[in-house]
Amino acid sequence: MAINKNALIRYKTIDKCLQNKYRQWTLNDLIEACSDTLHEYEGREINVSRRTVQLDIQMMRSDKLGYNAPIVVYDRKFYKYEDEDYSITDIPLTENDMNVLSETVEMLKQFKDFSLFSELGGIIQRLEDKVYTEKTHQASIIHLDKNENLKGLQHLDLLYQAILKKIVLRLTYRSFKARQASEVIFHPFILKEYNNRWFLVGVAGSKPQIITFALDRILNVDYDLDIPYRNENFNGDEYYKNTIGVTVLAEKHIQEIILKIEKDNAPYVITKPFHNTQEIIGAHEDGSITIKLNVHINYELERMILGFGESIEVLEPKVLRKRIRKKLTAAASKYAD
């Protein structure tokens, strides 16, 4: 059931009033208290109607929100909690509530490296504490891939803020092939995650080509406020539309890839396509399928194909077929007796 913010404020206000057992509360008193609280929150006059508060009390008494508040009327005009220790904030959570909270906490914690979510830190800790006090720890139902030891994650928020505020960076970067690190003037466009690794995408200096840096190879990050930011309206969805992974090549490398998948793996490829351009162009009597992709022939594509081993065959193009055959032959030679 959807509940708007004002309704929640009214429920909490009524609850706070009724917890004060040293005062008698009429319906008009509750209406005034709700109006004053909403005025404080909204900064404007909000006249809460008599009917609204009556419906609020009815809702709090019901099980629709799980409150079942024991609100009673005495002397025909005063409201109170029959149980003086009752409060809607002390309602025990159901098992389903606990499961939802547990998994929500785990998912929120995946984004702890972004300041965008920093304000959630205290909320997450309080949720964890609530979960802990309500039940013993158990294994998570939802498990997300993560690598806490991955280098470069400490730069995530700094890079995110630079992109958000359009600030040029001075990066100290060392690729796996370089003998030593070098400094690069970099205009960051987006952060991209692929296969549980993070990448920074943008342009270097005045060069036109898009460059991708792996965060685990970035040694240091500094802001340079003296260099104007190159605002080029970069569109990540458009840039990666024909790419598996992060390696985007020239348009000439986008080719029609024809793959044959054997029957045991066909259902997996059908239900989890390799790419959004995937199209089934043949379903065979033995249960195998033939699919077509329109993507760059890059490292990630080759690695994906090799990961399927003997369960996949490259039919077209010939250049990719030869490349995969060469790699498989070299791999098989390592197991020769």
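Which residues gather in a patch of negative charge on the surface? In this predicted model, the patch is formed by Glu32, Asp36, Glu40 and Glu45. Among these residues, Glu32 is placed in helix H2, which spans residues 27-42. Glu32 has a relative accessible area of 48% and is therefore classed as partly exposed, since the exposed class begins over 50%.

Charged side chains were also examined for pairing. Side chains of opposite charge can pair when their charged atoms come close. Twelve salt bridges were found in a search of the whole structure. Three of the pairs are described below, each with the positions and accessibilities of its partners.

Arg170 and Asp224 form a salt bridge in which the closest N and O atoms are 2.6 Å apart. Arg170 belongs to strand S4 (residues 168-173) and Asp224 to strand S8 (residues 218-224), so this contact ties together parts of the chain separated by 54 residues in sequence. The two partners fall into separate accessibility classes: Arg170 is partly exposed at 29% relative accessibility, whereas Asp224 is buried, with a relative accessible area of 9%. The pair also belongs to a network, in which Arg170, Glu183 and Asp224 are joined by salt bridges that share partners.

A second pair between strands is formed by Glu279 and Lys292, with a distance of 3.6 Å between the closest N and O atoms. Glu279 is located in strand S10 (residues 279-283) and Lys292 in strand S11 (residues 289-296); the pair links distant parts of the chain, 13 residues apart. In this salt bridge the acidic partner, Glu279, is partly exposed, with a relative accessibility of 40%. Lys292 has a relative accessible area of 18% and is counted as buried because this value lies under the 20% limit.

The third pair involves helices. The side chains of Glu302 and Lys327 meet in a salt bridge with an N to O distance of 3.5 Å. Glu302 lies in helix H9 (residues 299-307), while Lys327 lies in helix H10 (residues 318-333), and the pair connects distant parts of the chain that are 25 residues apart. Here Glu302 is buried at 8% relative accessibility, and Lys327 is partly exposed, with a relative accessible area of 37%.

In each of the three pairs, a buried residue is thus matched with a partly exposed one: Asp224 with Arg170, Lys292 with Glu279, and Glu302 with Lys327.

Methods
Residues are numbered from 1 along each chain as its sequence is written. This is a predicted model: local features need pLDDT of at least 70, side-chain atom pairs count only at pLDDT 80 or more; totals for chains, interfaces and linings use all residues. Side-chain values use heavy atoms; hydrogens and water are left out. A salt bridge is a side-chain nitrogen of Lys or Arg within 4 Å of a carboxyl oxygen of Asp or Glu. Helices (H or I, at least four residues) and strands (E, at least two) are DSSP runs, numbered from the N terminus. Buried means under 20% relative accessible area, exposed over 50%, partly exposed in between (1.4 Å probe, protein chains only). Patches are made of residues with over 30% relative accessible area and no salt bridge: like charges are joined within 9 Å, nonpolar side chains (Val, Leu, Ile, Met, Phe, Trp, Tyr) within 5 Å. Accessible areas come from the Shrake-Rupley method with a 1.4 Å probe; for residues, only the protein chains shown count as cover. Lys and Arg count as positive and Asp and Glu as negative; His and the chain ends are not counted. The place of a charge is taken as NZ of Lys, CZ of Arg, CG of Asp or CD of Glu.
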